[in-house]
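Dear colleague,

I am passing on the structure below, together with some notes on what was found in it. Please look through the sequence and the model first, and then read on.

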Amino acid sequence: MTSSTDPIPADFPPPRSCPMHQPAEYERRRTEAPVAKAEMPGGGSAWLLTTFDDVRAALSDPRLSSDRRRQGFPRYAPTIGINAAVSSGGSFGDRPLMIGLDGDEHAQARRAVLGEFTVKRMRALKPRIQEIVDDHIDAMLAGGSSADLVQALSLPVPSLVICELLGVPYSDHPFFQSCTTTLLSWKSNSDERRAGLVDLYGYIKRLCTDKENATDPGDDLIGRQIARQREQGGAVDHQGLVATALILLIAGHETTANMISLGTVALLENPGILARLRDDPALTPAAVEELLRFFSITGPVTSRVATSDIEIGGVPIREGEGVVALLASANHDGTVFADPAAIDIDRGARHHVAFGYGPHQCLGQNLARLELQIVFDTLFARIPGLRLAAPVEELPFKSDSTVYGLHELPVAW
Ligand code: HEM
């Protein structure tokens with residue numbers, strides 16, 4: 001088994017020759033050096049894991065920590081970024097976000113909100129999500145015969161849903177959307193990122209404080225957390241509440257928004273698949289799984305640092321060394337997904353790792369699946385003549401962000 005310090009491009013992840021496909025570098029690594037070191041743009045090196053088995057083994061190994069404050073945690077952005085929000089500490093807050101916690105502390109934070117994301121809860125949200133999607137498509141149709149799908153549908157739908165779920169006023173969405181974009185973008189400079197983080201943190205802190213001070217905290221996720229903690233007789237854990245609300249707001253809209261845009265492009269580019277979905281919407285859930293696998297949008301979010309000497313794929317990893325579990329590469333591992341670069345809605349892709357694996361596996365996955373299914377079913381049924389208004393190669397893909405996607409998506413009908 002090869003293991004080497006093999007500097008991959010400074011602009012991690014490596015470039016794509018086609019914006020709709022994963023970097024060829026991943027396949028090279030899977031076959032030549034599945035567990036190999038790479039220089040990270042934020043300084044230092046980390047082990048890149050590229051096969052499905054190694055990625056799953058790493059993400060379920062308790063000796064690999066998600067704590068961004070630990071020495072050796074992979075630094076994929078050169079300046080202060082989402083890692084700072086995740087680790088908080090000092091000037092920003094006092095509690096790392098759930099995604100950056102380990103062990104019991106993590107389990108406790110996750111358990112507190114798990115009940116909000118069950119399949120049953122999501123089913124109850126379905127009519128409201130459908131209404132939100134219909135309203136936005138009505139507005140698109142009323143606005144003429146072309147639109148930027150990102151602004152008209154992809155961003156507002158998941159934003160509105162997460163706002164209503166959390167109890168965050170949707171009228172504030174331009175503010176927190178721009179903060180999140182700044183935080184996730186690798187092109188923002190230190191000052192911009194710091195300002196975005198401080199603003200977003202301050203906003204959520206104020207919102208939680210207002211709800212804690214209100215006689216009725218409201219029937220939304222934040223309000224229910226407050227009410228539950230009071231029923232249990234304890235004081236409200238303000239810092240825990242802020243940390244939960246912040247991760248849900250950050251994680252809850254940008255990810256799904258990008259999948260809506262990318263999925264729309266993929267379906268428009270594959271008219272045979274689209275025709276099958278139109279004929280039989282029962283196929284949509286399988287198509288959504290395949291699109292999640294195909295795009296695997298979250299980049300190096302699934303990073304870890306070893307807390308003791310371990311072995312992955314036969315390669316020794318020392319305590320304090322960073323590891324990046326590349327979900328996109330795992331989901332394109334040809335030994336698990338035959339012909340991985342093809343979109344095949346019949347392959348049964350449900351075991352993909354686009355939502356991660358192990359204890360940190362995406363908390364919002366049932367919500368994301370539901371939103372994607374409703375959007376695709378409704379969009380293509382209601383606008384049968386939908387088409388891209390620019391060639392795929394000319395679309396502004398987000399190669400500069402922790403979450404892959406599209407800045408804009410011009411469509412016409
Ligand atoms: C297509 C959409 C989405 C994708 C691809 C995605 C992907 C991911 C991935 C890969 C992780 C694992 C991170 C790790 O292991 O370190 C994760 C965690 C998480 N996601 Fe998502 N996500 C999506 C949508 C959402 C939504 C809609 C929400 C909330 C409403 C959400 C909330 C979270 C939270 C809270 C975590 C942290 C869980 C933990 O640490 O236990 N995500 N997501």
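**Helix packing**

Helices α11 and α15 are oblique to each other, because their axes cross at roughly 40° and an angle counts as oblique when it falls outside the ranges for roughly parallel, antiparallel and perpendicular. Please keep in mind throughout that this is a predicted model. The two axes come within 10 Å, and α11 passes α15 in a right-handed crossing. On the α11 side the contact is made by Thr256, Met259, Ile260, Gly263, Thr264, Leu267 and Leu268, while α15 contributes Ala368, Glu371, Leu372, Val375, Phe376, Leu379 and Phe380. Sorted by class, the contact of α11 with α15 has 10 nonpolar, 3 polar and 1 charged residues.

Helix α7, which covers residues 156-166, packs with α15, residues 365-382, at an angle of about 135°, and their axes are 11 Å apart. These two helices are therefore oblique to each other as well, and their crossing is right-handed. Val157, Pro158, Val161 and Leu165 of α7 make this contact with Leu367, Glu371 and Val375 of α15; by class, the contact has 6 nonpolar, no polar and 1 charged residues. Glu371 and Val375 of α15 thus appear in the contact with α7, and both are also listed in the contact with α11.

The remaining pair is α7 and α11, the latter spanning residues 238-269, which pack at an angle of about 155° with their axes 8 Å apart. That angle makes α7 roughly antiparallel to α11, since angles over 145 degrees are counted in that way. Here too the crossing is right-handed. The residues in contact are Pro158, Ser159, Ile162 and Leu166 of α7 and, from α11, Ala245, Leu248, Leu249, Gly252, His253, Thr256, Ala257 and Ile260. They divide into 8 nonpolar, 4 polar and no charged residues.

**The iron site**

Which protein atom is the donor to the iron atom of the ligand? The single donor from the protein is the SG atom of Cys362, 2.3 Å away from the iron. Cys362 is found in the loop between α14 (327-330) and α15, the helix that packs with both α7 and α11.

**The sheets**

One open sheet is formed by 5 strands in the order β1-β2-β8-β5-β3, and its pairing is mixed. Its edge strands are β1 (35-39) and β3 (64-65), each of which pairs on one side only. Strand β1 pairs with β2, residues 45-49, in the antiparallel sense over 5 bridges, and within this pairing the bridge partner of Glu39 is Ser45 in β2. Helix α2, residues 52-59, lies across β1, β2, β3, β5 (303-306) and β8 (322-325), and runs at about 120° to β2.

Another open sheet has 3 strands in the order β4-β10-β9, with antiparallel pairing. Because β4 (146-148) and β9 (387-388) stand at the edges with a single partner strand each, one side of each is left without a neighbour in the sheet. The antiparallel pairing of β4 with β10, residues 410-412, runs over 3 bridges, and in it Asp148 stands opposite Pro410 of β10.

With best wishes

Note on methods
Residues numbered from 1 in each chain as written. Predicted model: local features only at pLDDT ≥ 70, side-chain atom pairs only at ≥ 80, totals over all residues. Heavy atoms only, no water. Axes fitted to C-alpha atoms, helices over the stretch in contact; angles between N-to-C directions. Helix = DSSP H or I, 4+ residues; strand = E, 2+ residues; numbered from the N terminus. Parallel < 35°, antiparallel > 145°, perpendicular 65-115°, else oblique. Left-handed = near helix turned anticlockwise from the far one by under 90°. Contact = heavy atoms within 4.5 Å. Nonpolar A, V, L, I, M, F, W, Y, C, P; charged D, E, K, R; others polar. Donors = N, O, S within 2.8 Å, 3.2 Å for Na, K, Ca; no water. Pairing = 2+ DSSP bridges.
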